[in-house]
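Biologist: Please take a close look at a single part of this model and describe how its pieces are arranged. Once that part is clear, I would be grateful for an account of how the rest is laid out around it.

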Amino acid sequence: MTAVAAAPIARTEARSRVDEIWRIVRLHAINPSIFFGVPWLILGGAWAVSMVIAVIVGSANASPEDLEGMRYSWAVLSPQWYLVVVGVQAIGLTFSFALGFGATRRDFWLGTSLMFVLVSVEMAAAIATLVQVEIATNGWGIGVHMFDALWYGQNWLVDFYTTFALQLLVLFIGASITTVYMRWRMPGMMILLFGGIVLVLAAVAALTFTQSWPAVFDWFAAIGLVGVFTVLLVKAFVWAVAWYFVIRRATPR
Amino acid sequence: MTRTVVRGSGLTKRYGSFTAVDAVDLTLQENRIYGLLGRNGAGKTTIMQLLTGQLFPNAGELEVFGREPAEHADVLRRICFIGEAQRYPENFTPTHVFKAAPWFFEHWDAGLAERLVADFRLPVKRRIKKLSRGQLSAVGVIVGLASRAPITFFDEPYLGLDAVARHIFYDRLLEDYAEHPRTVVLSTHLIDEIANLLEHIILIDQGRILLDRDADEVRGSATTVAGARAAVESFVADRPVIGREGLGGLASVTIDGRLGRADRIRAAELGLELAPVSLQQLIVHMTGTELDADTTEEEAAA
């Protein structure tokens with residue numbers, strides 16, 4: 001073997017770091033229906049079902065008070081669960097593809113995180129606005145409570161903030177858990193699952209034995225709705241960071 | 001001066017107790033066409049995944065363009081590797097692949113990609129999942145050719161391609177390589193079809209390199225000696241034997257190493273027939289099960 005010095009890398013980078021991250025976002029969005037189309041179909045479908053139910057209930061001479069029961073419907077959250085599945089697929093398939101095209105894991109993480117933030121902002125802004133529309137039109141004219149349900153309806157900003165935090169959290173959890181599978185396969189998933197169960201049981205046990213449950217509820221009451229969702233946002237951040245450490249050594253399938 | 005673009009030493013990749021790549025040393029020079037040959041499961045794809053930073057070696061050192069490939073964007077953007085089992089995002093079509101390619105490969109030639117799509121008659125609007133094996137191979141071949149990456153890997157590019165498509169690949173690769181020289185690594189177990197294309201052969205078996213030599217040297221390096229058993233045995237007595245077949249009083253023995261003029265005259269006197277060994281036959285001899293282990297070691301050390 002000839003001992004020729006390895007070719008030093010010629011740094012001809014015309015591309016900026018921003019481009020390298022943005023191309024991952026574009027890769028996720030190349031088929032826009034997945035992140036931006038289907039959630040609207042789901043939301044639209046849930047809305048149509050809510051409307052039909054309201055019409056049926058209304059024709060049975062129900063009072064507006066009866067329709068108040070719709071406030072406990074989870075329809076407004078339906079796109080969130082779909083987007084978790086999307087987050088899982090984004091990792092499982094797009095990660096392999098991006099590595100094949102020469103992206104680094106770090107850039108994939110940054111670009112995908114940015115994509116998650118963009119999607120969460122879009123969904124949160126849309127839902128918060130639809131809550132206001134629903135209130136303004138007095139439930140689409142027939143007293144429906146689809147968006148103005150659960151904790152929604154305080155004001156636009158609170159609705160936006162809470163939706164954003166929850167959406168971001170579920171996306172990062174989905175992505176992190178999928179990456180655990182990519183890196184450690186089934187044994188990793190088992191350890192994660194049972195480890196998670198043990199942690200939850202330990203926390204429940206600790207709180208029960210020390211009789212701290214009232215203190216916990218007091219604390220939640222004290223921080224209020226926005227506070228609770230801030231806790232979720234912090235958790236989303238923690239999952240995102242944990243995800244980074246898992247993806248750094250993950251290998252495609 | 002040719003530059004070394006890849007240098008690996010002691011590269012090892014284990015999966016549990018299975019060693020897929022076992023202390024491999026290799027170097028790749030700039031602007032050459034390499035054949036990474038070996039049987040199924042020999043470790044070809046694993047080596048390519050190591051060189052492209054998709055897998056992390058358990059041991060050994062690796063430099064691509066002077067540094068470790070994994071997680072170095074400036075190295076990775078000079079590499080194109082579409083694996084034979086490459087996974088694509090949900091609902092992806094070839095159109096999506098070719099649309100995204102220029103974001104990742106700075107030398108991407110969209111015109112060339114378009115011509116190749118027409119040549120291969122690739123249905124670009126069909127979902128990747130619905131493509132036939134040959135069409136899937138065509139996607140990888142088109143990305144590999146049109147990306148013009150300084151190091152391009154083709155992982156089993158012939159899988160499922162029909163005779164016409166194989167010919168197109170062969171022609172286009174040579175054409176484009178002449179105009180835009182780069183380092184090409186072709187992995188395949190269909191050896192004869194590309195034998196003439198290769199400039200350098202790296203033969204691996206069970207995760208080890210059996211042969212790492214210039215293709216021209218390899219092509220003339222082995223000879224089959226056939227004739228009466230006694231005469232054959234006396235002729236090959238002190239030569240490295242890599243294959244042996246016999247039928248009754250006749251024997252046919254494949255030996256490694258070039259034969260000189262004196263050897264040929266002696267063979268003629270003994271009434272022996274000498275036949276050149278094709279690359280494919282040579283590799284069958286070297287990786288076949290009848291191979292004796294000592295020869296393997298010698299070859300690896302050579």
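Modeller: I begin with one residue and its partners on either side. B:G8 stands opposite B:L62 in β4(B). In β2(B), the bridge partner of this same residue, B:G8, is B:L26. Before going further, the conventions: residues are numbered from 1 along each chain as its sequence is written, while chains are lettered from A and ligands numbered from 1 in the order in which they are written. The model is predicted, and local features need pLDDT of at least 70, side-chain atom pairs count only at pLDDT 80 or more, and totals for chains, interfaces and linings use all residues. Helices (H or I, at least four residues) and strands (E, at least two) are DSSP runs numbered from the N terminus, and two strands pair if DSSP finds at least two bridges between them.

The sheet around B:G8 can now be assembled. Strand β1 of chain B covers residues 4-15 and is joined to β4(B) by five bridges, the two running antiparallel. Within this pairing, B:S9 has B:E61 as its bridge partner in β4(B). Eight bridges connect β1(B) with β2(B), again in the antiparallel sense. Their hairpin has two residues between the strands, and B:G16 takes a positive phi near 60° there. The result is an open sheet of three strands in the order β2-β1-β4 of chain B, with antiparallel pairing. Because β2 (18-29) and β4 (59-64) of chain B each have a single partner strand, they stand at the edges, and one side of each is left without a neighbour in the sheet. From one strand to the next, the twist averages 15°; axes are lines fitted to C-alpha atoms, for helices over the stretch in contact, and angles run from 0 to 180 degrees between N-to-C directions. Helix α1 of chain B, residues 44-51, lies across β1, β2 and β4 of that chain and runs at about 60° to β2(B). Residues count as in contact if their C-beta atoms, placed from the backbone, lie within 7 Å.

The sheet belongs to a chain with two parts. Chain B is divided into domain 1 (4-217) and domain 2 (220-301), with bounds that come from an automatic or database domain assignment. The C-alpha centres of these two domains of chain B lie 33 Å apart. Domain 1 of chain B brings 14 residues to the contact and domain 2 of chain B brings eleven residues. On the domain 1 side, the elements giving two or more residues are β8 (200-205), β9 (208-214) and α7 (215-219) of chain B. Of these, β9(B) gives the most, with four residues. The domain 1 side comprises seven nonpolar, one polar and six charged residues, where Ala, Val, Leu, Ile, Met, Phe, Trp, Tyr, Cys and Pro count as nonpolar, Asp, Glu, Lys and Arg as charged, and the others, Gly among them, as polar.

A second sheet of chain B has four strands. This open sheet follows the order β11-β12-β10-β13, with antiparallel pairing. Its edge strands, β11 (241-247) and β13 (273-276) of chain B, each pair on one side only. Neighbouring strands are turned by 20° against each other on average, direction ignored. Seven bridges pair β10 (222-228) with β12 (250-256) of chain B in the antiparallel sense, and B:T224 has B:T254 as its bridge partner in β12(B). Helix α8 of chain B, residues 229-236, lies across β10, β11 and β12 of chain B at about 145° to β10(B).

Chain A presents another composition: it has eight helices and zero strands. In the contact between the chains, 33 residues of chain A meet 35 residues of chain B. The elements giving two or more residues to the chain A side are α1 (17-29), α4 (78-100) and α5 (105-136) of chain A, and α4(A) gives the most, with seven residues.

Finally, the largest nonpolar core has 135 residues, of which A:A98, A:F172, B:Y34, B:I142 and B:L203 touch the most other members. Domain 1 and domain 2 of chain B each supply at least three residues to this core. Such a core is a set of buried Ala, Val, Leu, Ile, Met, Phe, Trp, Tyr and Cys residues joined through C-beta atoms within 7 Å. A residue is buried if 20 or more other C-beta atoms lie within 10 Å of its own, exposed if 12 or fewer, and partly exposed in between, with C-beta atoms placed from the backbone. Leaving aside residues up to four places away in sequence, A:F172 touches A:F116, A:A236, A:W239, A:A240 and A:W243.

Conventions:
Contact = placed C-beta atoms within 7 Å.
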